[in-house]
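Here is a short report on one structure. It covers a metal site, a strand, a core and a loop residue.

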Amino acid sequence: MEHTVQKATVLGIVLVLIFGLAPLAVGAPSELRYVVIITIDGCRPDKLQEANTPNIDALIAQGAAYSWSAQTVYPSKTPQAHASLFTGAKPETHGFYSPGDDLKAETIFQVFENLGMRTLLFDSKGGRINGLQADVAVVRNTKDYRWIGPSWQRGSEDPEANLRVMEDALEDFMEGWITLMFVLLPQTDTMGHLYGHTSEQYLKAIETADQAIGMLVDNLRARGWLDETLIVITADHGMTGTDHGTDDPGDMTIPLIFFGPNVPPGEFGNGEIIDVAPTISALFGVRPPADSEGRILFEGREPAGEIPTVAVAGVTVAAAIIIVIALRRRL
Ligand SMILES: [Zn+2]
């Protein structure tokens, strides 16, 4: 009797130790609570690499997944590309080509809102993506910045525009009740149209976008949210000279960066803008938008700092067998 009690107690303690400590030993992934999607409007990945971007570089050094050869949709323009970003659908499917068009596909905002999570969409280009905001809880549609307007003129642009947009977006987001936020940083596109993609001004606008991203990261870190947030950085299209819209690689190629829990680190080669919504859905554990045609990126790649589940299970079973054999011999 005494032996049976002892045996059961020892076995109990051993099992608690194995199953209780195993997840700690492999570094259980943090829970994903927030998603922030940023487009650096009109940002070419080759110029992003050339620019001085310490904040984006730090995300990559800390384990972001990134591609410098991702592709947007044709025609490579702001409204249809954002519609594809939010729906995972191609323009032929979502039918959104100009502001105010009738969107024929479900957005990732609607997926989150239908599950009771609040979303924010910040269209800082004065309505260029007007029509994509259905069911979004907070819509910022700001026309009163000086970098864009009916008459774009050299010298009238606001060099701090990207920073102001992020500052305004964070005012809402840091209240903590928004799960998914989208922010459009517009200045790269403006400077590209005014001065061309090889200009100093265009490069500088990428650098202020990086500073805006640094502002976001600093806020998340200070609040203790950085480990619980998925940050996605991309562009709607590139830029060739002072324009875009064609199927030229300069217009079609965009950067694509994912940083957050369960994102496998390193460069990947073949992402598309329509892959963003289904990939976010998969990482967050919700269904993709209904009309999504994109792929889930990184399937089959293990996230950083984690041992494959099969290995964990194998080690646990082996340890249990050894302990049971040892107990049977002793008792
Ligand atoms: Zn443009």
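Buried means under 20% relative accessible area, with a 1.4 Å probe and protein chains only. The model is predicted.

**Zinc site**

By that cut-off His193 is buried, because its relative accessible area is 19%. His244 is buried as well, at 10%. Both residues bind the zinc ion through NE2, and Asp189 is listed twice through OD. These protein donors lie 2.1 to 2.5 Å from the zinc ion. In sequence, the donor residues follow the spacing D-x3-H-x50-H. The two histidines link distant parts of the chain, 51 residues apart. His193 sits in helix α8 (residues 187–195), whereas His244 lies in the loop between β6 (229–234) and α10 (249–252).

Why is the arrangement around the zinc ion irregular? The 4 donor atoms subtend angles of 55 to 150°. Four donors count as tetrahedral only if all angles lie between 85 and 135 degrees.

**Strand β6**

Strand β6 is largely enclosed by the rest of the structure, because 6 of its 6 residues are buried. In a regular strand, side chains alternate between the two faces of the sheet. Here both faces are covered. Thr229, Ile231 and Ile233 are buried on one side; Leu230, Val232 and Thr234 are buried on the other.

β6 has these pairings:

| Partner strand | Sense | Bridges | Bridge partners |
|---|---|---|---|
| β1 (residues 34–40) | parallel | 6 bridges | Ile38 with Ile233 |
| β7 (residues 253–259) | antiparallel | 4 bridges | Ile233 with Ile257 |

Ile233 thus has a bridge partner in β1, Ile38, and another in β7, Ile257.

**Nonpolar core**

The largest nonpolar core has 84 residues. Ile38 and Phe258 have the most contacts inside it. Helix α9 (residues 200–223) gives the largest share of this core, 9 residues. Which residues does Ile38 contact, leaving aside neighbours within four places in sequence? The contacts are Met166, Val183, Leu185, Ile213, Leu216, Ile231, Val232, Ile233 and Thr234. In soluble globular proteins, nonpolar side chains tend to be buried together.

**Thr107**

Thr107 is in the loop between α5 (91–94) and α6 (108–114). Is this residue buried or exposed? Thr107 is buried, because its relative accessible area is 1%. Not counting residues up to four places away in sequence, Thr107 touches Phe86, Thr87, Leu132 and Pro289. Its C-alpha atom is separated by 8.7 Å from that of Leu85, 22 residues apart along the chain.

Definitions and conventions:
Residues are numbered from 1 along each chain as its sequence is written. This is a predicted model: local features need pLDDT of at least 70, side-chain atom pairs count only at pLDDT 80 or more; totals for chains, interfaces and linings use all residues. Side-chain values use heavy atoms; hydrogens and water are left out. A nonpolar core is a set of buried Ala, Val, Leu, Ile, Met, Phe, Trp, Tyr and Cys residues joined through side-chain atoms within 4.5 Å. Buried means under 20% relative accessible area, exposed over 50%, partly exposed in between (1.4 Å probe, protein chains only). Contact means heavy atoms within 4.5 Å. Donors are N, O and S atoms within 2.8 Å of the metal (3.2 Å for Na, K and Ca); water is not among the atoms, so sites may look incomplete. Four donors count as tetrahedral if all angles lie between 85 and 135 degrees; four count as square planar and six as octahedral if opposite donors are over 155 degrees apart and all others between 65 and 115; anything else is irregular. Two strands pair if DSSP finds at least two bridges between them.
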